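Please work through the following exercises with the sequence and the structure at hand. Attempt each task before reading its solution.

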Amino acid sequence: RLIIFLMVKTRIVPNYPALLSIGSEKNLVITDLHLGLEGNLSLNKVFVEKNVTVKKTIIEIEKLLEITKPDSLILLGDIKSGIKSITKTEWESIPMFFDKLKNRVNLILVPGNHDSNIEKLVPKEVNIASPKGIIIDDILFTHGHTLPTENYSNVSKIVMGHLHPVFFQKESIINGKRVWVSIKCSKDEIFPSQTGDMELIIVPAFNKYFHTIKKKFYKKSISPIIEKINTTKAKIITLDGTIIGDEKLLPNII
(Lines give C-alpha, C1' and ligand atoms only; values in the text may rest on other atoms or scores of the structure.)
Protein backbone atom coordinates (compact mmCIF):
# COMPACT_ATOMS: atom_id res chain seq x y z
CA ARG A 1 0.00 0.00 0.00
CA LEU A 2 1.41 3.36 -1.01
CA ILE A 3 1.36 5.97 1.77
CA ILE A 4 1.84 9.54 0.63
CA PHE A 5 3.08 11.94 3.29
CA LEU A 6 1.66 15.33 2.55
CA MET A 7 3.50 18.36 3.86
CA VAL A 8 0.89 20.62 5.38
CA LYS A 9 1.75 24.25 5.96
CA THR A 10 0.07 26.34 8.62
CA ARG A 11 0.41 30.10 8.71
CA ILE A 12 -1.36 32.90 10.48
CA VAL A 13 -3.34 35.49 8.55
CA PRO A 14 -1.58 38.78 9.48
CA ASN A 15 -3.61 41.02 11.80
CA TYR A 16 -6.43 38.48 12.16
CA PRO A 17 -7.01 35.74 14.77
CA ALA A 18 -7.21 33.27 11.87
CA LEU A 19 -5.03 30.39 10.70
CA LEU A 20 -4.54 28.99 7.21
CA SER A 21 -3.83 25.31 6.79
CA ILE A 22 -2.63 24.43 3.30
CA GLY A 23 -2.41 20.74 2.37
CA SER A 24 -4.72 18.71 0.15
CA GLU A 25 -7.08 21.69 0.53
CA LYS A 26 -6.82 25.21 1.87
CA ASN A 27 -8.67 25.62 5.18
CA LEU A 28 -9.30 28.81 7.10
CA VAL A 29 -9.54 28.22 10.86
CA ILE A 30 -11.13 30.48 13.48
CA THR A 31 -12.40 29.83 17.00
CA ASP A 32 -14.37 31.20 19.96
CA LEU A 33 -16.88 33.53 18.30
CA HIS A 34 -19.16 33.56 21.37
CA LEU A 35 -22.08 34.96 19.39
CA GLY A 36 -24.95 36.22 21.53
CA LEU A 37 -22.55 37.90 23.92
CA GLU A 38 -24.73 41.03 24.05
CA GLY A 39 -26.56 39.61 27.07
CA ASN A 40 -23.30 39.33 29.03
CA LEU A 41 -22.15 42.77 27.92
CA SER A 42 -25.36 44.38 29.20
CA LEU A 43 -24.78 42.77 32.60
CA ASN A 44 -21.47 44.66 32.66
CA LYS A 45 -23.25 47.93 31.77
CA VAL A 46 -21.97 47.79 28.19
CA PHE A 47 -24.94 48.17 25.86
CA VAL A 48 -24.56 47.03 22.28
CA GLU A 49 -27.16 47.44 19.55
CA LYS A 50 -29.10 44.23 18.83
CA ASN A 51 -27.25 41.73 16.59
CA VAL A 52 -24.36 44.16 16.13
CA THR A 53 -21.70 41.61 17.15
CA VAL A 54 -23.00 38.94 14.77
CA LYS A 55 -23.19 41.45 11.89
CA LYS A 56 -19.64 42.66 12.55
CA THR A 57 -18.40 39.07 12.83
CA ILE A 58 -19.97 38.18 9.46
CA ILE A 59 -18.34 41.23 7.81
CA GLU A 60 -14.93 40.33 9.28
CA ILE A 61 -15.21 36.71 8.13
CA GLU A 62 -16.37 37.73 4.64
CA LYS A 63 -13.31 39.98 4.43
CA LEU A 64 -11.11 37.05 5.48
CA LEU A 65 -12.70 34.77 2.89
CA GLU A 66 -11.94 37.38 0.21
CA ILE A 67 -8.30 37.63 1.31
CA THR A 68 -7.59 33.91 1.72
CA LYS A 69 -10.05 32.20 -0.69
CA PRO A 70 -10.20 28.89 1.25
CA ASP A 71 -11.95 25.65 0.29
CA SER A 72 -13.41 25.33 3.80
CA LEU A 73 -13.92 27.43 6.89
CA ILE A 74 -13.30 25.41 10.07
CA LEU A 75 -15.00 26.80 13.18
CA LEU A 76 -13.22 25.41 16.22
CA GLY A 77 -16.07 25.72 18.66
CA ASP A 78 -17.76 28.10 21.08
CA ILE A 79 -19.92 29.62 18.37
CA LYS A 80 -22.51 30.24 21.10
CA SER A 81 -22.02 32.35 24.19
CA GLY A 82 -24.39 30.57 26.59
CA ILE A 83 -23.20 27.23 27.96
CA LYS A 84 -26.15 25.14 29.07
CA SER A 85 -29.05 26.59 27.12
CA ILE A 86 -29.79 28.53 23.96
CA THR A 87 -30.46 32.17 24.80
CA LYS A 88 -33.03 34.36 23.08
CA THR A 89 -30.25 36.29 21.32
CA GLU A 90 -28.68 33.05 20.07
CA TRP A 91 -31.94 31.77 18.55
CA GLU A 92 -31.78 34.83 16.32
CA SER A 93 -28.09 35.54 15.76
CA ILE A 94 -26.66 32.06 15.12
CA PRO A 95 -29.03 31.00 12.29
CA MET A 96 -28.40 34.47 10.77
CA PHE A 97 -24.65 33.86 10.96
CA PHE A 98 -24.79 30.46 9.22
CA ASP A 99 -27.34 31.60 6.61
CA LYS A 100 -25.01 34.41 5.53
CA LEU A 101 -21.96 32.15 5.20
CA LYS A 102 -23.26 28.73 4.11
CA ASN A 103 -23.31 29.65 0.40
CA ARG A 104 -19.93 31.39 0.50
CA VAL A 105 -17.74 28.50 1.66
CA ASN A 106 -17.88 24.89 2.87
CA LEU A 107 -18.46 25.09 6.64
CA ILE A 108 -17.09 22.62 9.20
CA LEU A 109 -18.08 23.05 12.85
CA VAL A 110 -16.16 21.36 15.67
CA PRO A 111 -18.40 21.90 18.73
CA GLY A 112 -16.94 23.45 21.89
CA ASN A 113 -18.06 23.44 25.51
CA HIS A 114 -20.45 26.38 24.84
CA ASP A 115 -22.13 24.65 21.90
CA SER A 116 -24.67 22.34 23.55
CA ASN A 117 -27.76 21.91 21.33
CA ILE A 118 -26.17 23.99 18.56
CA GLU A 119 -27.45 21.49 15.97
CA LYS A 120 -30.88 23.09 16.52
CA LEU A 121 -29.50 26.37 15.16
CA VAL A 122 -27.37 25.08 12.30
CA PRO A 123 -28.59 24.52 8.72
CA LYS A 124 -28.11 21.09 7.14
CA GLU A 125 -25.40 22.44 4.81
CA VAL A 126 -22.98 22.77 7.75
CA ASN A 127 -20.80 19.72 8.52
CA ILE A 128 -20.81 19.11 12.29
CA ALA A 129 -17.76 17.12 13.45
CA SER A 130 -17.31 15.21 16.71
CA PRO A 131 -16.56 17.39 19.79
CA LYS A 132 -13.29 15.39 19.99
CA GLY A 133 -12.19 17.02 16.74
CA ILE A 134 -11.52 16.28 13.10
CA ILE A 135 -8.34 15.19 11.32
CA ILE A 136 -7.53 16.82 8.00
CA ASP A 137 -4.23 15.77 6.41
CA ASP A 138 -1.97 15.30 9.48
CA ILE A 139 -3.56 17.92 11.74
CA LEU A 140 -6.13 17.43 14.50
CA PHE A 141 -8.50 20.41 14.67
CA THR A 142 -10.25 20.43 18.04
CA HIS A 143 -11.81 22.96 20.41
CA GLY A 144 -9.50 21.96 23.28
CA HIS A 145 -11.90 21.16 26.12
CA THR A 146 -11.60 17.37 25.66
CA LEU A 147 -8.62 15.03 25.52
CA PRO A 148 -8.15 13.34 22.12
CA THR A 149 -8.05 9.54 22.16
CA GLU A 150 -5.40 7.29 20.59
CA ASN A 151 -7.61 7.16 17.46
CA TYR A 152 -6.28 10.64 16.74
CA SER A 153 -2.63 9.83 17.42
CA ASN A 154 -1.41 9.81 13.79
CA VAL A 155 -1.07 13.58 13.65
CA SER A 156 1.90 15.91 13.68
CA LYS A 157 0.00 18.95 14.96
CA ILE A 158 -2.97 19.88 17.11
CA VAL A 159 -4.76 23.16 16.39
CA MET A 160 -7.12 24.25 19.18
CA GLY A 161 -9.01 27.19 20.65
CA HIS A 162 -10.76 27.32 24.05
CA LEU A 163 -7.98 29.07 25.97
CA HIS A 164 -8.45 32.60 24.51
CA PRO A 165 -4.73 33.42 24.84
CA VAL A 166 -4.24 37.04 25.91
CA PHE A 167 -0.97 38.63 27.04
CA PHE A 168 -1.11 40.11 30.52
CA GLN A 169 1.76 42.31 31.72
CA LYS A 170 0.77 45.68 33.13
CA GLU A 171 3.73 47.71 31.87
CA SER A 172 3.59 46.25 28.36
CA ILE A 173 2.03 48.09 25.40
CA ILE A 174 0.40 44.83 24.36
CA ASN A 175 -1.16 44.18 27.78
CA GLY A 176 -4.64 42.68 27.25
CA LYS A 177 -4.04 41.92 23.56
CA ARG A 178 -4.84 38.58 21.93
CA VAL A 179 -1.82 36.45 21.01
CA TRP A 180 -0.95 33.18 19.29
CA VAL A 181 0.80 30.37 21.16
CA SER A 182 2.85 27.66 19.46
CA ILE A 183 4.12 24.90 21.77
CA LYS A 184 6.54 22.10 20.97
CA CYS A 185 5.94 19.06 23.17
CA SER A 186 6.55 15.31 23.32
CA LYS A 187 3.85 13.40 21.47
CA ASP A 188 3.67 10.62 24.06
CA GLU A 189 2.38 13.06 26.69
CA ILE A 190 -0.91 13.22 24.79
CA PHE A 191 -0.72 9.95 22.84
CA PRO A 192 1.15 7.33 24.95
CA SER A 193 1.54 4.98 21.96
CA GLN A 194 3.55 7.54 19.98
CA THR A 195 7.09 8.94 20.03
CA GLY A 196 8.74 12.13 18.77
CA ASP A 197 7.70 15.76 19.00
CA MET A 198 4.54 17.52 17.95
CA GLU A 199 3.34 21.10 17.67
CA LEU A 200 0.33 22.51 19.48
CA ILE A 201 -1.09 25.76 18.08
CA ILE A 202 -3.50 27.74 20.26
CA VAL A 203 -5.64 30.07 18.16
CA PRO A 204 -6.74 33.40 19.71
CA ALA A 205 -10.47 34.03 20.20
CA PHE A 206 -12.15 35.65 17.19
CA ASN A 207 -14.48 37.65 19.45
CA LYS A 208 -12.61 40.82 20.33
CA TYR A 209 -15.20 41.89 22.92
CA PHE A 210 -14.57 38.76 24.92
CA HIS A 211 -11.73 40.16 26.99
CA THR A 212 -12.98 43.68 27.51
CA ILE A 213 -15.76 42.26 29.68
CA LYS A 214 -13.50 39.77 31.45
CA LYS A 215 -10.50 42.02 32.07
CA LYS A 216 -11.07 42.73 35.77
CA PHE A 217 -11.68 39.13 36.71
CA TYR A 218 -10.17 37.24 33.79
CA LYS A 219 -10.73 33.53 34.33
CA LYS A 220 -8.43 31.14 32.57
CA SER A 221 -10.02 28.22 30.76
CA ILE A 222 -8.68 24.80 31.62
CA SER A 223 -7.71 22.33 28.92
CA PRO A 224 -6.91 18.65 29.60
CA ILE A 225 -4.51 18.82 26.63
CA ILE A 226 -2.45 21.60 28.27
CA GLU A 227 -2.56 19.81 31.64
CA LYS A 228 -0.92 16.75 30.04
CA ILE A 229 2.13 18.47 28.56
CA ASN A 230 5.45 19.64 29.87
CA THR A 231 6.40 22.32 27.39
CA THR A 232 9.84 22.04 25.86
CA LYS A 233 9.69 25.16 23.70
CA ALA A 234 7.08 27.79 22.91
CA LYS A 235 6.66 30.89 20.79
CA ILE A 236 4.30 33.73 21.64
CA ILE A 237 3.24 35.73 18.60
CA THR A 238 1.13 38.89 18.25
CA LEU A 239 -1.74 39.12 15.76
CA ASP A 240 0.51 40.97 13.31
CA GLY A 241 3.00 38.07 13.36
CA THR A 242 5.70 39.48 15.69
CA ILE A 243 7.35 36.93 17.99
CA ILE A 244 7.40 38.55 21.43
CA GLY A 245 8.72 35.76 23.61
CA ASP A 246 9.17 32.10 24.43
CA GLU A 247 7.96 29.54 26.99
CA LYS A 248 8.93 31.87 29.89
CA LEU A 249 5.91 34.05 29.02
CA LEU A 250 3.36 31.21 29.16
CA PRO A 251 2.31 31.87 32.80
CA ASN A 252 1.21 35.39 31.65
CA ILE A 253 -1.01 33.87 28.96
CA ILE A 254 -2.48 30.43 29.67
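The exercises below concern a predicted model.

**Exercise 1. The sheet**

Determine the order in which the six strands form the open sheet, and state which strands stand at its edges.

*Solution.*
Step 1. Following the sheet across, one reads the order β1-β2-β3-β4-β5-β6, and the pairing is mixed.
Step 2. β1 (9-12) and β6 (127-128) each have a single partner strand, so one side of each is left without a neighbour in the sheet. These two strands therefore stand at the edges.
Step 3. For β1, the partner to examine is β2 (residues 19-22): the two run antiparallel and are joined by four bridges. Within this pair, R11 has L20 of β2 as its bridge partner.
Step 4. Helix α2 (residues 52-68) packs on the sheet, where it touches β2, β3 (26-30) and β4 (72-75). The direction of α2 makes about 155° with that of β3.

**Exercise 2. The nonpolar cores**

Identify the residues with the most contacts inside the largest nonpolar core, and find which element gives the most to this core.

*Solution.*
Step 1. A general tendency provides the background: in soluble globular proteins, nonpolar side chains tend to be buried together.
Step 2. The largest nonpolar core has 29 residues, and those with the most contacts inside it are I30, L33, I61, L73, L75, F97 and F98.
Step 3. At least two residues of this core come from each of β3, α2, β4, α3 (88-101) and β5 (106-109). With five residues, α2 gives the most.
Step 4. Consider F98 in detail. Leaving aside residues up to four places away in sequence, F98 touches L75, I79, L107, L109, L121, V122, P123 and V126.
Step 5. Another core, of 24 residues, lies apart from the largest one; V155, C185, I225 and A234 are among its members.

**Exercise 3. Two residues with positive phi**

Locate N15 and K69, and decide whether N15 is buried or exposed and whether K69 is buried or exposed.

*Solution.*
Step 1. N15 lies in the loop between β1 and β2. Although N15 is not a glycine, its phi is positive, about 70°.
Step 2. A residue counts as exposed over 50% relative accessible area. The value for N15 is 53%, so N15 is exposed.
Step 3. K69 is found in the loop between α2 and β4. K69 is not a glycine either, yet it has a positive phi of about 45°.
Step 4. The relative accessibility of K69 is 56%, and K69 therefore counts as exposed.

Conventions. Residues are numbered from 1 along each chain as its sequence is written. This is a predicted model: local features need pLDDT of at least 70, side-chain atom pairs count only at pLDDT 80 or more; totals for chains, interfaces and linings use all residues. Side-chain values use heavy atoms; hydrogens and water are left out. Two strands pair if DSSP finds at least two bridges between them. Contact means heavy atoms within 4.5 Å. Axes are lines fitted to C-alpha atoms, for helices over the stretch in contact, and angles run from 0 to 180 degrees between N-to-C directions. A nonpolar core is a set of buried Ala, Val, Leu, Ile, Met, Phe, Trp, Tyr and Cys residues joined through side-chain atoms within 4.5 Å. Buried means under 20% relative accessible area, exposed over 50%, partly exposed in between (1.4 Å probe, protein chains only).
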